[in-house]
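Colleague: I've got the model open and I'd like a quick tour of the side chains. Can we start with the rings?

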Amino acid sequence: MIKRTHIFILFGIICWFGISKAQAQLQEQKHNFSIGISGGVNFSNVDFSPRIKQGYLMGPQAGFTARYISEKYFSMICGIQAEVNYSQRGWKEVIEDSSGDSYQRAMNYVEIPFMAHLAFGKEYGNGARFILNLGPQIGFLLGDKETHAMPSIQKEQYGKAVENSFDYGLIGGGGLEIRTGIGHFLLEGRYISDLAISLTAQRKTTSHAPHILIYAEKSLIFLI
């Protein structure tokens, strides 16, 4: 898990340097600004140490997107993309004893990713593009909710306050953009490496690495 996090961070740094290099060697300058809305579903869990057996907690995500295309470098369309999203994530435990207990915790955030945007494909008119987005993200906790079938059964991670209401990390993903006469529609999957500790508890994430919050997002974005 530690190595995977380091690889993800290194990949992000390399991509940012790649964008900087491309901007330093302009081939064709562009000025294209788009805004739109997005909606999708998060599938999230949390990496605890010691490990807790979990499924994925499903939660909604929705927000606003702004994108600025600055140039075309050979066949690669380059720009930046910023978003403001409402996102619900957390974890859902798999309890395999005979108690009949169940537990999940949902945390609601406002998240602001700021990403490098790369696109490959048809530049003008209707058609499809392959897209990549990668960059940092910050988030602000709005609140959280625990759902516990049998509150009389307590574990270390239950009922603990959220330590950091401010969250930060890296976000990256790829997908397909379909350009039509009525707008641009995107289907995208994303991965988040969340670099902030969330819970005040005796059960903590390992001291050698932050906890990892993973979600896969499918987004439908209409750009105007």
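**Rings, then polar side chains**

Colleague: How many aromatic pairs does the structure hold?

Modeller: This is a predicted model, so local features need pLDDT of at least 70 and side-chain atom pairs count only at 80 or more, while totals for chains, interfaces and linings use all residues. Residues are numbered from 1 along each chain as its sequence is written, and side-chain values use heavy atoms, without hydrogens or water. Rings of Phe, Tyr and Trp (its six-membered ring) pair if their centres lie within 6.5 Å; planes under 30 degrees apart are stacked, over 60 edge-to-face, the rest tilted. On that basis, the number of aromatic pairs is four.

Colleague: Take W91 and Y103: what kind of pair do they make?

Modeller: The two ring centres are 6.1 Å apart. Their planes meet at 45 degrees, so the W91–Y103 pair is tilted.

Colleague: And how many residues apart in sequence are the parts that W91 and Y103 tie together?

Modeller: Strands here are DSSP E runs of at least two residues, and helices H or I runs of at least four, numbered from the N terminus. W91 sits in strand β4 (residues 76-93) and Y103 in strand β5 (residues 103-121), so the distance along the sequence is twelve residues.

Colleague: Is W91 buried or exposed?

Modeller: Buried means under 20% relative accessible area, exposed over 50%, partly exposed in between (1.4 Å probe, protein chains only). Both W91 and its partner Y103 come out as buried.

Colleague: What angle do the ring planes of F140 and F166 make?

Modeller: F140 is in strand β6 (residues 127-148) and F166 in strand β7 (residues 166-180), so this pair ties together parts 26 residues apart in sequence. F140 is partly exposed at 37% relative accessible area, and F166 is partly exposed too, at 39%. The ring centres lie 5.5 Å apart, and the pair counts as tilted, with an angle of 55 degrees.

Colleague: Which residue joins W91 and Y103 in a cluster?

Modeller: Ring pairs link three residues there. Besides W91 and Y103, the cluster includes Y158.

Colleague: Over which ring does the charged end of R89 sit?

Modeller: A charge counts as over a ring if NZ of Lys or CZ of Arg is within 6 Å of the centre and within 35 degrees of the ring normal. The charged end of R89 is 4.2 Å from the centre of the ring, which belongs to Y109.

Colleague: Which side chain does N85 join through a polar contact?

Modeller: N85 lies in strand β4 and is buried, at 3% relative accessible area. Contact means heavy atoms within 4.5 Å, and the residues N85 touches more than four places away in sequence include S38, Q61, F64 and Y109. A polar contact is an N or O pair within 3.5 Å (within protein, one able to donate a hydrogen and the other to accept it; residues adjacent in sequence count only through side-chain atoms). For N85 that contact is 2.9 Å, with the side chain of E83.

Colleague: How buried is Q81, and what relative accessible area does it have?

Modeller: Q81 is also in strand β4. Its side chain makes polar contacts with the side chains of R67 (3.1 Å) and E83 (2.8 Å). Beyond four places in sequence, its contacts include P113, H117, N133 and R190. Q81 is buried, with a relative accessible area of 0%.

Colleague: Zooming out, how many strands does the protein have?

Modeller: Along the sequence, the pattern opens with α and goes on with β. The protein has one helix, and its strands number ten.
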